[in-house]
Amino acid sequence: MIGYLVRRLGGAVLVLFGLSLLLYGLFYLAPSDPAILTCGKGCTPERLAEVRHAMGVDESIWAQYQHFLTGLVAGRDYSSGTLTRHCPAPCLGYSFETDQPVTKLLLDRLPVSASLAFGAEVLSLVAGIGAGLLAGLRRYRWLDRIVNGLVLAGYAVPVFLVGLLLLLLFCVQLQWLPFPTYVPLTTDPLAWAQNLLLPWVALAVIQTAAYARLTRAGIQETLAEDHIRTARAYGLPESRIVWRRALRGALLPLVTLTAIDLAAIMTSAVLTETMFGLPGVGQLLVGAVNQIDLPVVVGVTLLTGLLIVAANAIADLLYAAVDPRVELR
Amino acid sequence: MTDLVVEDLRIRFGETVAVDGLSFELPAGGALGIVGESGSGKSATALALLGLHTAATVEGRITFGADDLTALTERRWRQVRGAEIAMVFQEPLTALSPFHTIGDQIAEVYRLHTGSTRRAARDRAVEVLRQVHIPDPARRAASYPHQFSGGMRQRALIAMALSCRPQLIVADEPTTALDVTVQAQILDLLDEVRETTGTSLLLISHDLGVVAGSTDRVVVMRRGLAVEQGATDAVLVAPQAAYTRELLAAVPRAKPPRTIDGGPLLRLAGVRKHFRQRRRAEPVRAVDDVTLDVRAGETLGIVGESGTGKTTLARLMTGLLSPSAGTITLDGVDITRRRGGSVQMVFQDPMSSLNPRRTIGESIADPLRLSGVRDPRPTVEDLLLRVGLTRALYDRFPHQLSGGMRQRVGIARALAPRPRLIVCDEPVSSLDVTTQAQVLSLLEDLRAEFGLTMVFVSHDLAVLRQIADRVAVLYEGRIVELGDTAEVYDQPQHAYTKELLAAVPVPDPAEARRLRALRRAQVTA
């Protein structure tokens, strides 16, 4: 078990290392010179050279990458003549566009994205598993049909449409909810939930559909298994068969999916964040891409990588906890 | 005690009639066997006895004590199932929940029916596990099914069946997925359980040898009908119905020995195959130092149970695997360097070894195309005829054929490149007895016709006795005994060979009882 964790951690470090190398390669090959943008209009060649030096892009790719790694561990300084910008460890780079260290930008926005992701995930798990079970147990044929229809609709409807409709209905027409703005959980939990409710719903739609479909298929498949027949042959009541014998097997595939979804939403809920004006990581990424703020792009991508790798490891641990057949070696 | 009386049982799946007017009686404490091939309706009958049919209409009367089992409420059924009638299923791996410990699963059933305390239920689980001879039952009750071997899982299922002291145990093919020695142990256990608890036993099997020693009455079923029933001794010794005689005739028998004068064709010298395991220092020694000659023109049988390395050995012989050490030569040429299909293989499962999306003809034509034949169709059609199929099957797909027909296709495919040696890996073990007999005689004919040399790998000693000239007994990757078939069967030298031979189910009830007594003597000794 400990050995497994150590190996897993080692693997994760390797993956992130490779990812950062790849990103740096792309960064270096990028046709646009970030220094020109920073330098602005009326930039003289001398001034440009200064800026390039300050940004650290005048060095070879290896030197740059080395500095990047040093920055991660020990922090680094960006200095141009009189002005020195300090980027404390773990330094993922410095955004000259916004004049802030990338790590700070990410940390500012992570709570927003995490709030969004967790809420949406909880909502879609509850709704998805519930709907999937209702349909999968097929107590009523029409219920199965309705759920199937909704699943299809959930897949098909774009997030922005759902979002706009929700805003229109609840904020404009009925005025039940305020227009979403982000209120930190620590400041006011009720306002936090009230403001995030619509984004959660909008984001949960597709996931709910996916979980409902998976649950439905899972429960039907499990109920057709031999050990369920054994349980029936020994007089176990149907409710007990479903809850005690079938559910665990049926929900196993959801473990991995949920963990990875959770990680993915943190950095990629761009549409939802934009529509509801939530200052999350997704928005940060889009802004950075538009501004060619490459350090931020690298930072967000690495964060995504870290989250996905961590989510995978957690999913594997959960899997082993739920399924006695899985041995972590 | 309770008698089971089945009268005019009819089971239909839509338009298909699975059981068509079956009647039989099983007195309390008795043992009844139902024998039939696939599609005879024996399993449908078993499910009806527990009211487990969901898609079928069940008509007729099944009287069990005061109950008519065809007219029970779901509530009453739940009381009967497990407590009065308990079932033992075929697949011990999948028949138990993978998420709960063996002990918990047994205890849950016991608690459900007796309303006992958790503690008492756990004690009962350990008690029945001990009764079915699970070693260290108190500790093993906490194991999950995947931590048990196949035989132990089947014991655990039998323990579950015993837990509520039922009056009837229905065992549907309880030993089909098991090795022959384990099968004998399970059958002996069922017999012992019946003796000690006084429960009745309904034993369902495709194998006459399985019911011969374990039942006092037998019903022979075919296509939903009982073609014959009576005392096991009478039915199996002097069968009245033509079908019963056919079944008995299909049981493999010893053949007169042949003299083989061919020189060695395939030579294995010091062959080993070790598989490295992830993060384990010790590799699995699947095949461990095998030296063996296959003589031209002979049929060499290789017998062993699961895990003895027989499939690995078969694959090594065909060059599908290369040995970790030692050499395998065909006519003096290293097998892995040979081209041109001089060694071919017939696989166990004809369904999964044929591509489901390609026609039969295309599959057989593959090796011919490889060797440059432009229009293989005439040759393939000829091969289809030779293996007892029709030309028209060329354009059919595997799922449109029966199991026996598919295995014939597998044989035709192996013959296509005109091989000198055919390695058959359990070619008849998934087939019904009568189909098995047909395929065996086909292989025999083809061997003579094409002048083939055959290696026949099987777990089934009876089959090998019929087809093999010499037999090699494989145990833990080594050949522990090798000799002419008659010699090995009549005077086995190695302890494992003796154990195997004593475990073979024989359709002669008297002989079956003698072997059981022999096994019991071995156990007590």
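Start in chain B and select the strands β16, β17, β18, β13, β19 and β20, which in that order make an open sheet of 6 strands with mixed pairing. The model on screen is predicted. Colour β16 (343–346) and β20 (478–484) of chain B separately: these are the edge strands, and each pairs on one side only. Looking along the sheet, neighbouring strands are turned by 20 degrees against each other on average, direction ignored.

**Inside the sheet: β18 of chain B**

Next, select residues 453–458 of chain B, strand β18, together with β17 (residues 421–425) of chain B; the two run parallel and are joined by 5 bridges. Strands of a sheet pair through backbone hydrogen bonds, either parallel or antiparallel. To find the register, pick B:Ile422, whose bridge partner in β18(B) is B:Met454. Further along, B:Asp425 has B:Val457 as its bridge partner in β18(B).

Now add β13 (residues 299–303) of chain B, which also runs parallel to β18(B) and is joined to it by 5 bridges. Here the residue to pick is B:Ile302, with B:Val457 as its bridge partner. B:Val457 is thus a bridge partner of both B:Asp425 and B:Ile302.

Show the side chains of β18(B). B:Thr453, B:Val455 and B:Val457 point one way, while B:Met454, B:Phe456 and B:Ser458 point the other way. Are these residues buried or exposed? All are buried. Because 6 of the 6 residues of β18(B) are buried, the strand is largely enclosed by the rest of the structure.

**The other sheet of chain B**

Stay in chain B and select β6, β7, β8, β3, β9 and β10. In that order they form an open sheet of 6 strands, again with mixed pairing. The edge strands are β6 (85–88) and β10 (225–231) of chain B, each pairing on one side only. From one strand to the next the twist averages 15 degrees.

Zoom in on β3 (residues 31–35) and β9 (residues 217–222) of chain B, which pair in the parallel sense over 4 bridges. One position to label is B:Leu32, whose bridge partner in β9(B) is B:Arg217. Then bring in helix α1 (residues 42–49) of chain B, which packs on this sheet and touches β3, β6, β7 (168–172), β8 (200–205) and β9 of chain B. The direction of α1(B) makes about 150 degrees with that of β7(B).

**Where the chains meet**

Show both chains and select the contact between them: 23 residues come from chain B and 18 residues from chain A. On the chain B side, α2 (74–80) and α3 (102–114) of chain B each supply at least two residues. The largest share of that side, 3 residues, comes from α3(B). Coloured by type, the chain B side divides into 13 nonpolar, 6 polar and 4 charged residues.

**Over to chain A**

Hide chain B. The C-alpha trace of chain A spans about 85 × 55 × 35 Å along its principal axes, and its secondary structure comes to 13 helices and 4 strands. Of the 329 residues in chain A, 38% are buried.

The unreviewed UniProt entry lists several transmembrane regions for chain A, including residues 149–176 and 196–214. Select 149–176 of chain A: this span is 82% helix and 0% strand, with its end C-alpha atoms 28 Å apart. Residues 196–214 of chain A are 100% helix and 0% strand, and here the end C-alpha atoms lie 26 Å apart.

Narrow the selection to α7(A). How far apart are its end C-alpha atoms? They are 20 Å apart, which agrees with the 21 Å that its 15 residues should span at 1.5 Å a residue. Within α7(A), show A:Val162, A:Gly163 and A:Leu166, which are buried. The cover over the buried residues of α7(A) includes α8 and α11 (270–275) of chain A. Just after the helix, A:Gln175 takes a positive phi of about 55 degrees.

For the last stop, follow the loop between α7 (159–173) and α8 (189–223) of chain A to A:Asp188. A:Asp188 has 12 other C-beta atoms within 10 Å and is therefore exposed. Draw a distance from A:Asp188 to A:Ile241: the two are 53 residues apart along the chain, and their C-alpha atoms are separated by 43 Å.

How values were computed:
Residues numbered from 1 in each chain as written. Chains lettered and ligands numbered in written order. Predicted model: local features only at pLDDT ≥ 70, side-chain atom pairs only at ≥ 80, totals over all residues. Contact = placed C-beta atoms within 7 Å. Nonpolar A, V, L, I, M, F, W, Y, C, P; charged D, E, K, R; others polar. Buried ≥ 20, exposed ≤ 12 C-beta atoms within 10 Å, placed from the backbone. Pairing = 2+ DSSP bridges. Axes fitted to C-alpha atoms, helices over the stretch in contact; angles between N-to-C directions. Expected span 1.5 Å × (residues − 1). UniProt positions renumbered as here; feature names shortened; annotations may be inferred.
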